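Colleague: Could you take me through this structure step by step? I would like to begin with the terms and then look at single residues.

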Amino acid sequence: MPETEDSLYQLLGEANEMSYGDAKDALLEQILRHAEAGEHAEVAFHTRLSMVGAYTHGLQPAKLFVPFARCLADYDRNPAAYEPWVAGTLRWYFKHAVNAMTKFPEVPKDRALAALDQMEDRYRTEGQSLQAVYSYRHRVAEHIGDRAAAEEWYEKWCATPRDDNSDCEGCDPSSKADYLVEHGRDAEAIAVAEPLLAGELTCVEQPQRILTTLLLPYLRTGQYEQARNAHRRAYRILRTKPQDLADIGEHLVFCALSGNPSRGLELLDRHLGWLDRAPSPAAAMLFAASAALLLRTVVEAGHDDAVVRRPAHGDRPAAEHTAAALGAELTQQALDIAARFDRRNGTDQQSTIVRTLLARERIVEHLPLSATAKHQLPSATPALVAADVSGLSVAELVERAEKAYDHYERATATPLLQQLETHDESAFDASLLARTAALRARLRADADDPAATEALIRRAVELFAAADDEAGRQVNLGHLGLHLCQTDRVDEGLALVRTSHAQLIQGPDHTVQIESILRLVEALQIAAGGDLADETAELLTAATTLAEESGDSVLIGDVAACQMDLPIYNAEQLDAGIDAARTALAAYRTAGVPKMIAVAGFRLGALLRHSGDAESALTAVEEAAAALRAVEPVHLRIAVYALRGSLLNQLDRPAEAVHELLTAIAIGRSVDSEAVPRCLWDLAIAYHRTGQLLDAADLAEEAVAALDALGRTEESQSCRWLLAGLHRDMAEPDQALAIYDDIIEFHRARDEHGAAAQVLAETADLLDTLDRDALAAQRYRQAGDAAARDDDPVRVAYCRYSEAMSLRWSGEIDAAVTALDMAEQAVRDLATTDPDPDLLTWHQARLDQNAARILYAADRSDAALARAAKAATMFRTIDATDNAASSDLLHGRILLDLERAEEAAEVLGKALAEVDEDDPVHEVLTGALATARERLG
């Protein structure tokens, strides 16, 4: 590790940008060791300050006391040696120290009370409001069970004006609400806390803390939608933060009391291992009690033998526990910790809290938590009522069943077959027996039992032979051959289909001829795909002619349907497929065959979408949807609803898409369809576009998990991209960054440099907005390198000048100047690729704007002024007036800093004249111009 003061400060800056946790703590401790060894007292002081915050919000709050005490002692020896902000930070950290004392029973009560007195003395001495002091006196009184004192301090806390030492505008009302909720004052708690949710909460503990506080008040007051959303929104943030174990426990309580034990067990399984590394005994106590309550509700629901896996820890091996056994173990753990607190406090307050929690009863029977759980399937269209067949002869039954089957009316044909099977075999002649056997082979075919299906077909072949019906035998031999092809016996099957077809094509019956051709085409597709395209085309041409000659709309539709299902490899084949689908749809519409209207409409919609005509595709799919009946195959119903929803998304009608996709998901889940994950993804897109971000994120996560489980990695990564964007939109940057990292590693492992560069650049952009500038610079460098390997000069240029700017913001001025040279070269390289002139101008102007900031920070004022002026000019040449105004503002500010107010006023005045009053930069320009004029008198 570097040991110079500057290098240690640089490392301290990087540590301060890290998320709270073990890695951050370890780095800070390492920096402190080197600072102390090198006698860099100032670096050591600032490192200890950072450690107090890191321990407080991380997993080791017990460690904050030592660095806090040392910082206090160093400061008090010579307050004048420190900048003014240090005094405020130490006042703030008194709150952390007092709060931590309520979490560790080992800290003597007198020490906690003494710390409160010291805190109040410091606040009074430094002329501060005592609002924060009263807040923490209330907290300690509540902890030890002094109800009268707690209420007294609460009233003073509420009555005393806030100041800079007060907890943030989210945490302060959240803490008040905690107290109100604990004493059954739900309406007051909601009134205190809820208005803050409409504003922007930027504290590291918000909004998840305030939302968690409101879970049970919402539930008890019947505000179920608010309760549902509070749980989902808060838990999404908490689930990655083991330091918030106690808050996660409150979500277990919510699941137990809202009738969601399965959801609660899912959360418990995910977080039970964190209990072994609880950030404090208080957190362990509350989580253990909450988990025990959840497990009690599981047992009471009759699932006492439900198994929960507890991971290994120390000498304890991993083990599976029943809900009853684990609940008893966690109950005892919570009570034991509570007893330790009570011995320290001299009261029974903590034991009372635990026992009260364990005894809570369910508030509602069941509160649906997911968007899909609330959706009801549409009422099914009544199935066709079977016609009265009493009095019909066997021959009439067979004829009706065959006709129904040929018109795709399985729901009509099946009862007729069942009626036939009630007749004694003596009622059938040889021909009727054979025809009935053929019907049985078609209608009783079972994809899950191909051997049984094959046996039925072979029986039909035998019976047609016995009936001396060679045409019927050949038809069924053709069916047998196709079945063999479909069950991986292609050579044998295709030979059988060809032999059958050679016989049948010679016959006089157009229907028999056409069906034989279509069987052979399907067999050829299975056997060799495109390698037999010429033969397939000839066969279908012949079939088309025969169908037209027959005038039978069903046959015309069948031939066209076969053509629409052929593989698509190019635009010509796509056009042919669309024409065939249109022909099939029209033919089935004429014939009045609802199932095939749905099939053809769906296929036409899919092909039209592929061609880019989403509007026409939707029209086709809507006709398919209208033709669907409850009796149609489930996979077809899922496909139609799913495509309709996806098209509505594509046409920017997401609110309409939601219902279609919910229906597809509900149907798909009823049969465990593999189409469900894609529908979940599309539904997440729809919810994203309608602003329902919580629903969108939940669904995207579910889709990612399902796609991963199915091994559909490409789709999974694309859905992860959506999920990362949702995290960004929901102000969950750490979750977004974690997903981006996963995507980056995926593309790197596959040497997909372009995709990796795109995600790296987006990650860097996010880090830039979070002011994690050192990390942003690293990502921009990596993105630029990956883009260079992908031969993408545009992205290389963007990443190089963005890297330089991030280095400048991180204080690395020399490194920024060096990176600026690389950016200059990248833009020159871009110019050699003959790009769009406006694109080149844009990137050159962005480079100049960044260069102006960097050069001015490097004390190269003249060069900075020239680059700022050049940037403004170039932006204006491509009508980027907002960017031009920003460059003018930069130009003017540099002039003001150089005491050249007259020139600044001229630049700023011209820029202001070009900017609309509602433009955000207008107000800033106005202020800068006023400053320039004031200096000019």
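Modeller: Certainly. Helices here are DSSP runs of H or I with at least four residues, numbered from the N terminus. Please keep in mind that this is a predicted model.

Colleague: Which helix holds Asp247?

Modeller: Asp247 lies in α14, the helix of residues 245-257.

Colleague: Is Asp247 buried or exposed?

Modeller: Asp247 counts as buried, because its relative accessible area is 12% and the cut-off for buried is under 20%.

Colleague: What does Asp247 touch?

Modeller: If residues up to four places away in sequence are not counted, Asp247 touches Arg209, Thr212 and Leu238.

Colleague: Let us step back to the chain. How many helices and strands does it have?

Modeller: The secondary structure comes to 46 helices and two strands. The C-alpha trace spans about 115 × 75 × 50 Å along its principal axes.

Colleague: What share of the residues is buried?

Modeller: The chain has 937 residues, and 50% of them count as buried. The area that the chain exposes is about 41900 Å², with carbon and sulfur atoms supplying 50% of it.

Colleague: What about contacts between residues far along the sequence?

Modeller: Taking the contacts between residues at least 6 apart in sequence, 61% join residues at least 24 apart.

Colleague: And how far apart are the mean positions of the positive and negative charges?

Modeller: The chain has 91 positive and 153 negative charges, and their mean positions are 5 Å apart.

Colleague: Now another residue, please. Where is Ala797?

Modeller: Ala797 is placed in helix α40, which covers residues 793-809. Ala797 counts as buried because its relative accessibility is 0%.

Colleague: Which residues are in contact with Ala797?

Modeller: Leaving aside neighbours within four places in sequence, Ala797 is in contact with Ala826, Val827 and Leu830. One can also compare sequence and space for Ala797 and Gln844: they are 47 residues apart in sequence, and their C-alpha atoms are 9.0 Å apart.

Colleague: Let us turn to the loops. What is the phi of Asp468?

Modeller: Asp468 has a phi near 60 degrees, a positive value in a residue other than glycine. Asp468 sits in the loop between α23 (450-466) and α24 (470-486).

Colleague: Is Asp468 buried or exposed?

Modeller: Asp468 counts as exposed, because its relative accessibility is 70% and exposed means over 50%.

Colleague: Where is Asp879, and what is its phi?

Modeller: Asp879 is in the loop between α43 (861-877) and α44 (881-897). Its phi is positive, about 60 degrees, although Asp879 is not a glycine. With a relative accessibility of 66%, Asp879 counts as exposed.

Colleague: One last topic: empty space. How many cavities of 30 Å³ or more does the structure hold?

Modeller: The structure holds one cavity of 30 Å³ or more. The largest cavity has a volume of about 40 Å³.

Colleague: Which residues line the largest cavity?

Modeller: The lining consists of Thr102, Lys109, Ala112, Val140, His143, Ile144, Arg344 and Asn345.

Colleague: Which helices supply at least two residues of that lining?

Modeller: Those helices are α6 (109-125), α7 (131-144) and α17 (323-345). The largest share comes from α7, with three residues.

Key:
Residues are numbered from 1 along each chain as its sequence is written. This is a predicted model: local features need pLDDT of at least 70, side-chain atom pairs count only at pLDDT 80 or more; totals for chains, interfaces and linings use all residues. Side-chain values use heavy atoms; hydrogens and water are left out. Buried means under 20% relative accessible area, exposed over 50%, partly exposed in between (1.4 Å probe, protein chains only). Contact means heavy atoms within 4.5 Å. Accessible areas come from the Shrake-Rupley method with a 1.4 Å probe; for residues, only the protein chains shown count as cover. Lys and Arg count as positive and Asp and Glu as negative; His and the chain ends are not counted. The place of a charge is taken as NZ of Lys, CZ of Arg, CG of Asp or CD of Glu. On a 1 Å grid over the protein atoms alone, a cavity is a set of points where a 1.4 Å probe fits but cannot get out, and a pocket is an open set with protein on both sides within 12 Å along at least five of seven lines; lining residues have an atom within 4 Å of a point. Grid points are joined across faces, edges and corners, and a volume is the space filled by probe spheres set on the points.
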